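This report covers a ligand shell, a sheet with the helices packed on it, and one further helix.

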Amino acid sequence: MPPIEEAQAINTQRIADLRTALAELPLDHPQLTLEIGCGHGHFLTAYAEQHPDEHCLAIDIIKERLEKAASKTDRAGLTNVSWLRASDAHFFAALPDTVRFNRRIFVLFPDPWPKRKHWKNRLIQPAFLATLAKFTTPGTELCFRTDYAPYFEVAREVVAAHADWELQDDRPWPLEHETVFQARADGHQSWIAVRAENAL
Ligand SMILES: C[S@@+](CC[C@H](N)C(=O)[O-])C[C@H]1O[C@@H](n2cnc3c(N)ncnc32)[C@H](O)[C@@H]1O
């Protein structure tokens, strides 16, 4: 099989597998929160403990980090959090159209991709924000935090210019709980945007 076709076949299979995994999760829960790139899961574990009325789903591409996260929540007896191995692109391709993350979406210390030629790999881009808008409801908070000041500035500009999201500088950060990458950083900056009423 030519390499491009082989890559497409792998993607198709991965998305099909994710659809099967997603069918096992309580995605019809009335209060849903998502974290993208959860790493070792420290933040969402603490958040789920403090928000027992929400179901919290986290995705990451690194299996070992998710396994550590899952053993933490198993030990704590938490049942309102799910960990899923998926890239954001595969996850949203597999997610049923009916799902709405109506509480919060967290993107905490995403890979900063400092070199200009790699900026295309950054999560916060107009198409990503449009995808998030599709799977959220008016009022859903998008909570972004990074230790890389240039990414903070650009991400803030991108979200400020996006019709589906409204930056709200007076919103309080929902929960202070240090992530692994936050502990390694000298400092950080955050913004919160709220899903607009009239997003497409
Ligand atoms: C710098 S780490 C931050 C982890 C965690 N949020 C923290 O603050 O400790 C970025 C995480 O995003 C994950 N990641 C990178 N690209 C991703 C993607 N396309 N979809 C989902 N997760 C991704 C990486 O595997 C990594 O665990």
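## Ligand shell

In this predicted model, 19 residues surround the ligand, and those that come nearest are Gly37, Gly39, Phe109, Thr179 and Phe181. By class, the shell around the ligand holds ten nonpolar, five polar and four charged residues.

Strand 2 (55–60) and helix 7 (180–184) each contribute at least two residues to this shell. The largest share, three residues, is that of helix 7.

## Sheet

Seven strands form an open sheet with mixed pairing, in the order 3-2-1-4-5-7-6. Strand 3 (81–85) and strand 6 (165–167) are at the edges with a single partner strand each, so each has one side without a neighbour in the sheet. On average, neighbouring strands of this sheet are turned by 20 degrees against each other, direction ignored.

Strand 6 and strand 7 (residues 189–195) run antiparallel and are joined by three bridges. Leucine 167 stands opposite alanine 193 of strand 7.

## Helices on the sheet

Helix 2 (residues 42–50) lies across strand 1 (32–36), strand 2, strand 3 and strand 4 (104–108). Its direction is at about 175 degrees to strand 2. Helix 3 (residues 63–76) also packs on the sheet, where it touches strand 2 and strand 3. The direction of helix 3 makes about 165 degrees with that of strand 3.

## Helix 1

Helix 1 (residues 3–23) has 21 residues, which at 1.5 Å a residue should span 30 Å; the end C-alpha atoms are 30 Å apart, in agreement. Of these 21 residues the number buried is one, so helix 1 lies largely in the open.

Technical notes:
Residues numbered from 1 in each chain as written. Predicted model: local features only at pLDDT ≥ 70, side-chain atom pairs only at ≥ 80, totals over all residues. Helix = DSSP H or I, 4+ residues; strand = E, 2+ residues; numbered from the N terminus. Expected span 1.5 Å × (residues − 1). Buried ≥ 20, exposed ≤ 12 C-beta atoms within 10 Å, placed from the backbone. Near = placed C-beta within 6 Å. Nonpolar A, V, L, I, M, F, W, Y, C, P; charged D, E, K, R; others polar. Pairing = 2+ DSSP bridges. Axes fitted to C-alpha atoms, helices over the stretch in contact; angles between N-to-C directions. Contact = placed C-beta atoms within 7 Å.
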